[in-house]
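Let's take a walk through this model, one piece at a time. Have the sequence and the coordinates open, and follow along.

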Amino acid sequence: MILTFGTIHDGTRYRIKDREKAIIFQDICANGTATRKSIAEKYNFRPTSVSLAVQEMLDDNLTKEGKIKKPGKPGRPELILKPNYNLLTAVSIYTEGRELKGALINLGEQIITERSVFVHGDTDNSRFKEQLTDLIDSLSASVPEDSALIGAVISLVGTVNPAGKLWISSARWNKIKNLDFNIIQASRNLPISISRSLDAELEYQIIKSRELALKNVVL
C-alpha cells in the first residue's frame with residue numbers, strides 16, 4: 001500500500017474506533033490470512049470492537065470474506081478477510097521521453113490497465129489536451145464494475161504550478177505554455193492534480209519510508 005492506514009490519523013482529531021478501524025484494515029491488507037480473532041489477539045483489541053469494525057468495512061464493500069482459515073477445525077469457523085482493492089481506482093499519468101504514459105490503478109497499487117501515446121515535439125496546448133483527455137478516457141473505460149474512479153494524478157516535466165493546476169512551460173515541448181488543467185478537469189468532471197515529476201518521486205519515497213519522513217530531506 002502507498003498509504004500507511006495505521007498512521008493516517010496522526011496529527012488529526014479522530015475517534016478511537018476510527019484509529020482501530022484503520023489499523024485493522026492495514027492488517028487485512030498486509031496479512032493474507034488475517035481473521036477477526038487473529039487481529040484481536042495481535043493488537044489486544046476487544047473482539048466485539050474488531051467484529052463491529054469489520055462489519056462496517058463489509059457493509060461498505062471495503063473488505064470481503066474469503067475461505068475458512070482451518071477447515072474442519074471444531075468450533076466457530078475463522079473466515080479469512082481480504083481487502084477489496086478495486087473499490088476505488090485512480091488514473092496515474094507521467095511523461096517518459098516524449099511519451100505520455102498512463103495506468104489505471106487500485107488501492108493496492110495494482111495496475112488494472114496501461115496505455116501510452118507519443119507526443120510530438122511541436123505539440124501545442126490544444127493538441128496536448130486532446131491527447132491527454134483521450135488517454136484519460138481510454139483508461140477510465142477499464143474501471144471495474146462497482147468501482148469508483150476518484151481522480152487523476154499527472155506528473156509533468158518543466159515548470160509546474162500544482163496549486164493553480166497550471167503547466168507553465170517545458171523545454172521538451174516548447175509550444176506548450178500555461179496549460180490550464182482546471183479546464184480539463186471541468187470537461188471530464190474528474191478531480192485532477194498535477195505535480196512536477198521529481199516532486200512526485202520524492203513524496204512517494206517519503207511515504208514509503210517512515211525513516212525519511214522523520215528527517216530533513218533536500219531534493
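Let's start with Thr63, which sits in strand β1, residues 63-68. Keep in mind that we're looking at a predicted model. Is Thr63 buried or exposed? Its relative accessible area is just 1%, so Thr63 is buried, the cut-off being under 20%. As for who surrounds it, leaving aside residues up to four places away in sequence, Thr63 touches Phe25, Ile28, Met57, Leu58, Leu81, Lys82, Pro83 and Asn84.

Step back a little and you reach Asn61, in the loop between α3 and β1. Asn61 isn't a glycine, yet it has a positive phi of about 65°. With a relative accessible area of 24%, Asn61 is partly exposed.

Now for the helix on the other side of that loop. Two packed helices are described by the angle between their axes and the distance between the axes. Here, helix α2 (residues 36-43) packs with helix α3 (residues 47-59) at an angle of about 130°, and their axes are 9 Å apart. That angle makes α2 oblique to α3. The crossing of α2 past α3 is right-handed. Which residues in α2 and α3 meet? From α2 come Arg36, Ile39 and Ala40, and they meet Pro47, Val50, Ser51, Val54 and Leu58 of α3. Sorted by class, this contact of α2 with α3 has 6 nonpolar, 1 polar and 1 charged residues. Leu58 turns up twice in this tour: it's part of the α3 side of the contact with α2, and it's also among the residues that Thr63 touches.

Next, the sheets. One of them is an open sheet of 5 strands, with mixed pairing and the order β5-β4-β3-β6-β10. Which strands stand at the edges? They are β5 (111-118) and β10 (192-196); each has a single partner strand, so one side of each is left without a neighbour in the sheet. On average, and ignoring direction, neighbouring strands of this sheet are turned by 20° against each other. Zoom in on the β10 end: strand β6 (residues 148-156) and β10 run parallel, joined by 5 bridges. Look for Val153 there, and you'll find that its bridge partner in β10 is Ser193.

This sheet has helices packed on it, too. Helix α4 (residues 125-140) touches β3 (88-96), β4 (99-106), β5, β6 and β10, and its direction makes about 160° with that of β5. Then there's helix α6 (residues 197-208), which lies across β3, β6 and β10 and runs at about 95° to β10.

Finally, have a look at the open sheet of 3 strands, where the order is β7-β8-β9 and the pairing is antiparallel. In this one, β7 (159-161) and β9 (179-180) stand at the edges, each with a single partner strand, so each has one side without a neighbour in the sheet. Between β7 and strand β8 (residues 166-169), which run antiparallel, there are 3 bridges. Val160 stands opposite Trp167 in β8.

The loop between β7 and β8 is where you'll find Lys165. Lys165 has a positive phi of about 55° although it's not a glycine, and we've already met a positive phi at Asn61. Is Lys165 buried or exposed? Its relative accessibility is 18%, so Lys165 counts as buried under the 20% cut-off, whereas Asn61 is partly exposed at 24%.

Note on methods:
Residues numbered from 1 in each chain as written. Predicted model: local features only at pLDDT ≥ 70, side-chain atom pairs only at ≥ 80, totals over all residues. Heavy atoms only, no water. Pairing = 2+ DSSP bridges. Helix = DSSP H or I, 4+ residues; strand = E, 2+ residues; numbered from the N terminus. Axes fitted to C-alpha atoms, helices over the stretch in contact; angles between N-to-C directions. Parallel < 35°, antiparallel > 145°, perpendicular 65-115°, else oblique. Left-handed = near helix turned anticlockwise from the far one by under 90°. Contact = heavy atoms within 4.5 Å. Nonpolar A, V, L, I, M, F, W, Y, C, P; charged D, E, K, R; others polar. Buried < 20%, exposed > 50% of the residue type's maximum accessible area, 1.4 Å probe, protein only.
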